[in-house]
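Trainee: I have a model open and want to reason through its contacts. Can we take it question by question?
Mentor: Yes, show it.

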Amino acid sequence: MENFQNNTDESGRYNFILFISGMSTKSSRAIENLRKICDEHLPDNFDLQIVDITNEEIQAVNYQIIGVPTLIKTNPNPRRTILGDLSDTDKVLKILDLA
């Protein structure tokens, strides 16, 4: 598990959990695409936790992950889930309520 920002309170800061499986091509693209989106649209206003389900299977079970990569936005509400490499930026922005 890799944390890129410190967790904060419920101040409206965006919190994401990205589930990946090793460093597959899709997983690498999802990480790269999400970092780009966050850096451009949420500078200094997001926390990102990356969970590799090959090492942390229990997390995948806890969050009911059925495929990877999967992104879950946990804060602010409403919670959103996106499956895929996040390459369709416009679609991702709309789902995350950033567009």
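Trainee: Among contacts between residues at least 6 apart in sequence, what share joins residues at least 24 apart?
Mentor: Keep in mind that this is a predicted model. Count contacts in the chain between residues at least 6 apart in sequence. The share that joins residues at least 24 apart is 69%.

Trainee: Which pattern does the chain follow along the sequence?
Mentor: The chain has 3 helices and 5 strands. Read along the sequence, their pattern is β-β-α-β-α-β-β-α.

Trainee: What percentage of the residues count as buried?
Mentor: Buried means under 20% relative accessible area. The chain has 99 residues. Its accessible surface comes to about 5900 Å², with 44% of that belonging to carbon and sulfur atoms. The buried part of the residues is 42%.

Trainee: Which residues touch the most other members of the largest nonpolar core?
Mentor: Nonpolar side chains tend to be buried together in soluble globular proteins. Here the largest nonpolar core holds 20 residues. Those touching the most other members are Phe16, Leu18 and Leu71.

Trainee: Which element supplies the largest share of this core?
Mentor: Strand 2, helix 1 (25–41), strand 3 and helix 3 each give at least two residues to the core. The largest share is 5 residues. It comes from helix 1.

Trainee: Which residues does Phe16 touch, leaving out those up to four places away in sequence?
Mentor: Phe16 is buried, as is Tyr14. Skip residues up to four places away in sequence. The remaining contacts of Phe16 are Cys38, Leu42, Phe46, Asp47, Leu48, Gln49, Leu71, Ile72, Lys73 and Leu96.

Trainee: How many aromatic pairs are there, and why is the pair of Tyr14 and Phe16 described as it is?
Mentor: The structure holds 2 aromatic pairs. The ring centres of Tyr14 and Phe16 lie 6.1 Å apart, and the planes meet at 20°. Planes under 30 degrees apart count as stacked. So this pair is stacked.

Trainee: What kind of aromatic pair do Phe19 and Tyr63 form?
Mentor: Their rings are 5.4 Å apart, centre to centre, with 55° between the planes. Under 30 degrees would be stacked, and over 60 edge-to-face. The pair is therefore neither by those limits, and counts as tilted.

Trainee: How many residues apart in sequence are the parts tied together by Phe19 and Tyr63?
Mentor: Phe19 lies in strand 2, and Tyr63 in the loop between helix 2 (57–62) and strand 4. Phe19 is buried at 0% relative accessible area, whereas Tyr63 is partly exposed at 29%. The parts that this pair ties together are apart in sequence by 44 residues.

Trainee: How many salt bridges does the structure hold?
Mentor: Side chains of opposite charge can pair when their charged atoms come close. The number of salt bridges in this structure is 4.

Trainee: What is the N to O distance between Asp47 and Arg13, and how many residues apart are the parts they tie together?
Mentor: The side chains meet in a salt bridge at 3.0 Å, N to O. Asp47 lies in strand 3 (residues 46–52), and Arg13 in the loop between strand 1 (2–3) and strand 2 (14–20). So the pair ties together parts apart in sequence by 34 residues.

Trainee: Is Asp47 buried or exposed, and what about Arg13?
Mentor: Asp47 has 2% relative accessibility. Arg13 has a relative accessible area of 11%. The limit for buried is under 20%. Asp47 is therefore buried, and Arg13 is also buried.

Trainee: Which side chain has a polar atom 2.8 Å from the backbone oxygen of Arg13?
Mentor: Look in strand 4 (residues 70–75). The residue there is buried, with a relative accessible area of 15%. The side chain is that of Asn75.

Trainee: Which residues are joined into one network by salt bridges that share partners?
Mentor: Lys73 and Asp97 meet at 3.9 Å, N to O. Asp97 also forms a salt bridge with Arg80, with closest N and O atoms 3.4 Å apart. The network joins Lys73, Arg80 and Asp97.

Definitions and conventions: Residues are numbered from 1 along each chain as its sequence is written. This is a predicted model: local features need pLDDT of at least 70, side-chain atom pairs count only at pLDDT 80 or more; totals for chains, interfaces and linings use all residues. Side-chain values use heavy atoms; hydrogens and water are left out. Helices (H or I, at least four residues) and strands (E, at least two) are DSSP runs, numbered from the N terminus. Buried means under 20% relative accessible area, exposed over 50%, partly exposed in between (1.4 Å probe, protein chains only). A polar contact is a pair of N or O atoms within 3.5 Å; within protein, one must be able to donate a hydrogen and the other to accept it, and residues adjacent in sequence count only if both atoms are side-chain atoms. Rings of Phe, Tyr and Trp (its six-membered ring) pair if their centres lie within 6.5 Å; planes under 30 degrees apart count as stacked, over 60 as edge-to-face and the rest as tilted. Contact means heavy atoms within 4.5 Å. Accessible areas come from the Shrake-Rupley method with a 1.4 Å probe; for residues, only the protein chains shown count as cover. A nonpolar core is a set of buried Ala, Val, Leu, Ile, Met, Phe, Trp, Tyr and Cys residues joined through side-chain atoms within 4.5 Å.
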